[in-house]
Amino acid sequence: MGMSKRTALLSAVIVTFGLGTLYLGLNMKTPRPPKDPNSWDILIFTQTWPNTLCYSWKKSNPAHTCNLPSDKNIWTVHGIWPTKLGTVGPGFCNKSLVFNPASIYGIKDKLNQYWTDIEIPPSNTTEGNSTTVDTSHKKESIYFHEWEKHGTCAVTLPALDSEFKYFYQGIEWSEKYNMRDVLDKSNIKINSTFHVDDYWKAVKSVLKTNAWIECETKHDSKEQLLAEIRICFDKTLKLIDCDGIMKPRKGSMKKSHALTNCDTKKPILYLDHVPELNISTNTNSTNSNSTSTDAILTNPNSTVDEHSKHRLKRKVSDHLDEWITKSPRQFNRSHSYQPRPSTSYNQNLNRSNSYPYIPRKEWDILVFSQSWPYTFCHTWTVNSNTHTCNLPANRNQWTIHGIWPSKIGAFGPAYCNNQTTFNLNALNTIIPELKNRWTEIKESKTWTRKQEGELWKHEWIKHGTCSKSLSTLDSELKYFNQGLEWSKQYVLSDLLEQGGIKPNGSYPITQIWHTLRTGLGKNPHIDCYYESRTNKPYIDEVRICFNKSLALIDCDPFRRNTNKPSTNCPLDKEIFYIGAVV
């Protein structure tokens with residue numbers, strides 16, 4: 001009996017312990033991993049109708065003026081906004097990623113065209129002419145704001161992980177999906193009046209996706225003005241529906257909203273001009289959800305200038321207008337290279353002279369080719385134990401490869417006069433400069449009879465003999481001295497650095513090409529060396545072109561799209577700009 005009591009007591013303890021453990025287990029919450037406040041799901045690409053934005057800008061202060069794009073019919077980019085499904089933002093994701101204006105140097109003209117900073121009053125131009133306005137270096141510019149607020153969140157996507165990629169993507173989307181063209185294809189013309197349903201159907205019929213339509217209300221007549229159209233992309237940059245996007249309203253946000261802030265029953269004006277304000281200059285107050293911001297904006301003694309006040313006002317508005325989203329239900333180093341009309345990338349390119357030369361001696365242009373010596377040295381030594389390099393004294397200097405008379409659309413001519421010899425003594429006065437700027441990089445431990453000037457002799461016999469038909473290049477001294485002059489005039493390292501491109505870095509070929517194009521004012525050709533062993537492309541040579549008057553010209557005069565890079569480099573890989581060897 002006593003044994004049974006002990007057993008019963010022990011059983012009771014075990015049961016109680018087990019129930020207690022079960023109770024605790026059921027009531028203990030498994031800790032969830034912390035949420036990443038900077039994560040996002042989709043990209044919202046917003047385009048603005050400049051006339052309406054200008055009206056809004058002037059409405060905040062009638063003294064404001066507008067920097068309208070030169071193309072009166074173009075829609076301009078507002079931004080690319082990474083957005084989290086079911087919440088607001090994110091924004092300002094990485095304060096350490098400070099905007100570097102140099103990175104968009106090569107596309108500043110295109111930004112002025114497609115991503116115009118309308119709200120920056122130009123100081124030296126009249127309204128409607130933005131060609132001489134450069135706002136990319138101003139801290140309050142749209143580029144600075146969009147990068148810090150949205151670009152720093154987009155960098156988690158490799159396709160948008162730099163200032164250049166972010167803004168260049170906006171330019172490409174603007175060219176491909178500009179609302180001017182989309183609406184025009186649906187017969188919605190400027191200076192017309194339609195309802196929001198018409199705009200939804202227009203975008204849907206052309207892009208096959210649902211878009212957001214944004215309106216601005218005129219303060220006096222309460223008419224609706226077409227302001228913005230937003231389309232959406234996934235992380236593969238594929239166009240998708242914007243279903244589920246809605247603006248937060250005061251109070252409950254459980255109710256679904258259509259893809260617009262417009263009154264669906266009222267017409268929307270799509271105007272070809274900036275509407276008149278017809279308001280008193282004293283009317284300058286706005287509502288704000290931020291007491292401190294409102295105080296800054298309305299305090300007459302505030303030291304903040306009017307433009308900064310409006311920027312601050314827009315930042316508050318940006319937060320109110322952020323998007324809440326719900327998941328919807330449903331290489332060739334040819335010495336006589338001339339860029340062809342279309343040069344396709346081939347990863348098996350090598351440095352062989354694999355193309356035939358034209359037999360005639362006629363030519364159209366001069367191709368001036370400069371080499372990056374460290375890429376050349378790398379290709380010369382990478383597979384050899386005996387090859388060495390003779391690098392220029394100036395370690396950050398591109399060296400001359402040659403001046404090549406060329407026939408457009410072909411290679412050559414070459415070796416135009418078999419009777420011509422090379423006289424090294426004719427170059428005595430410029431040999432020290434030639435050694436540094438027209439450097440013969442190739443050397444080898446096994447060479448015992450190499451003579452000075454073999455590269456110069458080769459270039460003169462092969463190309464110089466064809467350039468002799470031009471009086472300005474009809475001797476060794478004139479030919480080589482012209483190369484030295486161009487080397488000093490077109491310093492590639494300096495031109496590239498203006499676009500934030502420096503040795504020991506990797507950059508998209510579009511950034512390199514547009515930077516050089518902007519600095520030169522003409523289209524260059526860029527040649528890459530592709531190393532199959534490492535699957536890595538290196539920038540190898542840059543070629544610029546001249547006519548027979550020695551005036552700089554485009555290297556691709558007959559290409560259909562001269563806004564795209566002329567290159568054999570891959571467009572989908574970053575190009576390595578190998579660092580200088582000390």
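Here are legends for four close-up views of this predicted model.

**View 1. The largest nonpolar core, with W438 among its best-connected residues.** This core counts 52 residues, and the most contacts inside it belong to W438, F480, I512 and L516. A second core, separate from that one, has 48 residues, including W49, Y143, Y177 and A202.

**View 2. What surrounds W438.** Skip the neighbours within four places in sequence, and W438 still touches quite a list: I400, H401, G402 and I403, then E433, then L455, W456 and E459, and finally Y479, F480 and G483. Two names here come back in View 4: H401 and E459 both carry the "active site" annotation in the unreviewed UniProt entry.

**View 3. Helix α13 and its cover.** Running over residues 476-489, α13 has 14 residues and reaches 20 Å from first C-alpha to last, close to the 20 Å expected at 1.5 Å a residue. Its buried residues are E476, Y479, F480, Q482, G483, L484, W486 and S487. Among the elements covering them are the strands β8 (365-371), β10 (399-406) and β14 (536-546), plus the helices α11 (431-437) and α12 (454-467). F480 also ranks with the residues that have the most contacts inside the largest core.

**View 4. The annotated trio H401, E459 and H463.** The "active site" label comes from an unreviewed UniProt entry. These residues are spread over 63 residues of sequence, yet they cluster in space, with a largest C-alpha distance of 11.3 Å. E459 sits in α12, and so does H463. E459 counts as buried because its relative accessibility is 0%, under the 20% cut-off. H463 is buried too, with a relative accessible area of 0%.

How values were computed
Residues are numbered from 1 along each chain as its sequence is written. This is a predicted model: local features need pLDDT of at least 70, side-chain atom pairs count only at pLDDT 80 or more; totals for chains, interfaces and linings use all residues. Side-chain values use heavy atoms; hydrogens and water are left out. A nonpolar core is a set of buried Ala, Val, Leu, Ile, Met, Phe, Trp, Tyr and Cys residues joined through side-chain atoms within 4.5 Å. Buried means under 20% relative accessible area, exposed over 50%, partly exposed in between (1.4 Å probe, protein chains only). Contact means heavy atoms within 4.5 Å. Helices (H or I, at least four residues) and strands (E, at least two) are DSSP runs, numbered from the N terminus. The expected span of a helix is 1.5 Å times one less than its number of residues. UniProt positions are given in the numbering used here, feature names are shortened, and annotations may be inferred rather than shown by experiment.
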